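Got your viewer open? Let's take a short walk through this structure, one selection at a time.

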Amino acid sequence: SLMAIALMVPAVTCAAESDASDENQPADGPVNINDVVVPATKLETPSSQVGSSITVIDETEIERKQYRTVSEALRTVPGVHIAKSGGPGAPTSVFLRGAKSEHTLVLIDGVEVNDPSSPGRSCDFAHLTTDNIERIEILRGPQSTLYGSDAIGGVINIITKEGEGEPGGYISAEAGSFSTFRERAGTSGSFQWGDYSLGFSRWDTDGISAADEDAGNDEEDGYGNTTLSARLGLRPTDLFNVDTTLRYSDAEADLDNSGGVGGDDPNHVSDSEQLSLRSEANLWLLDEMWEQTVGASLTDHNRDVTNDTDPAHPNSLMRSAYDGRTVAFDW
């Protein structure tokens with residue numbers, strides 16, 4: 001059950017491409033052979049010129065089907081399996097065509113967001129919402145020749161919205177069962193020599209118990225998520241531009257004991273912060289026949305897991321901290 005209140009001011013909708021994919025695309029989405037995709041060649045290439053198996057989920061589909069998280073959207077894609085160990089905020093893994101989760105490379109605006117502090121350098125989709133996302137491109141099949149060993153199973157490329165047209169914005173609030181609340185706000189637009197897009201969201205819920213309720217586990221596993229997404233493009237000339245993107249999330253989740261052993265645990269809490277940042281410059285030379293792209297990106301993951309003792313779990317004391325950081329430069 002869900003109630004929503006939204007206030008809209010004149011805004012420009014960032015027009016995404018129609019649903020484009022291979023023959024495995026679900027039948028409820030139109031196909032446009034002129035759609036442009038990125039991960040198959042690392043360049044913007046029309047899907048009609050790509051032989052790989054690709055599915056595109058655009059912002060129109062995201063809004064129409066009310067996907068709140070990227071993992072929800074990926075459940076509809078053929079060849080993709082989602083494994084989630086509980087309610088909102090529980091660890092969530094994505095498997096492409098049966099490959100391991102660490103063999104799926106995840107990019108946000110060209111930034112590799114796989115967590116280097118995890119044992120297999122996989123990406124946890126637990127806190128990745130669809131806020132300010134223009135399209136999600138799923139490339140199934142090995143792409144290790146382009147992206148390395150992280151892409152043996154495939155690539156998930158997430159592209160955030162660019163500003164366009166006159167400045168505008170939106171604000172919305174939703175409320176539902178289990179004391180669930182979600183607030184969103186954003187603005188976007190363009191000006192003479194650039195564009196901008198900014199989105200903010202907050203999601204809170206009391207959640208449910210991930211452990212078996214019939215065994216007496218009725219402690220709710222709450223969750224809170226704050227996400228900020230920003231994009232700024234500067235285009236001083238027709239042959240030179242600079243784009244900077246940033247995405248930050250701060251989440252806290254109540255967890256139950258893994259494997260169902262001990263069931264509910266009111267003191268088992270995970271705090272997670274994720275930051276991805278990229279800036280790149282593009283220069284076209286020789287009558288636009290030669291394009292130069294120079295970029296730098298940063299991914300920072302911080303996770304703290306605590307589990308204090310309580311009468312039901314006198315030996316459960318645990319303190320764990322994980323800090324993973326990736327810095328990349330490319331030309």
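Is aspartate 195 buried or exposed? Keep in mind that you're looking at a predicted model. Select aspartate 195 to find out: its relative accessibility is 6%, so this residue counts as buried, the cut-off being under 20%. You'll find aspartate 195 in strand β13, which covers residues 194-205.

Now show what surrounds it. Setting aside neighbours within four places in sequence, aspartate 195 is in contact with Glu162, Gly163, Gly189, Ser190, Arg231, Leu232, Gly233 and Arg235. Pick arginine 235 from that group: its side chain joins that of aspartate 195 through a polar contact of 2.8 Å.

Stay on arginine 235 and add aspartate 243 to your selection. Those two side chains are joined by a polar contact as well, this one of 3.2 Å. Aspartate 243 sits in strand β15, residues 240-254. With a relative accessible area of 11%, aspartate 243 is buried because that value is under 20%. Apart from residues up to four places away in sequence, aspartate 243 touches Leu232, Gly233, Arg235, Arg278, Ser279, Glu280 and Asn282.

Next, head for the surface and select methionine 289. Look for this residue in the loop between β16 (268-285) and β17 (290-307). Methionine 289 has 70% relative accessibility, so it counts as exposed, which takes over 50%.

Which residues form a nonpolar patch on the surface here? Add Leu239, Phe240, Leu283, Leu285, Leu286 and Trp290 to Met289, and you have the patch in view. Together, these residues have about 680 Å² of accessible area.

Methods: Residues numbered from 1 in each chain as written. Predicted model: local features only at pLDDT ≥ 70, side-chain atom pairs only at ≥ 80, totals over all residues. Heavy atoms only, no water. Helix = DSSP H or I, 4+ residues; strand = E, 2+ residues; numbered from the N terminus. Buried < 20%, exposed > 50% of the residue type's maximum accessible area, 1.4 Å probe, protein only. Polar contact = N/O pair within 3.5 Å; in protein donor to acceptor, adjacent residues only side chain to side chain. Contact = heavy atoms within 4.5 Å. Patch = residues over 30% accessible without salt bridge, like charges linked within 9 Å, V, L, I, M, F, W, Y side chains within 5 Å. Areas by Shrake-Rupley, 256 points an atom, 1.4 Å probe, with all protein chains shown as cover. Salt bridge = Lys/Arg side-chain N within 4 Å of Asp/Glu carboxyl O.
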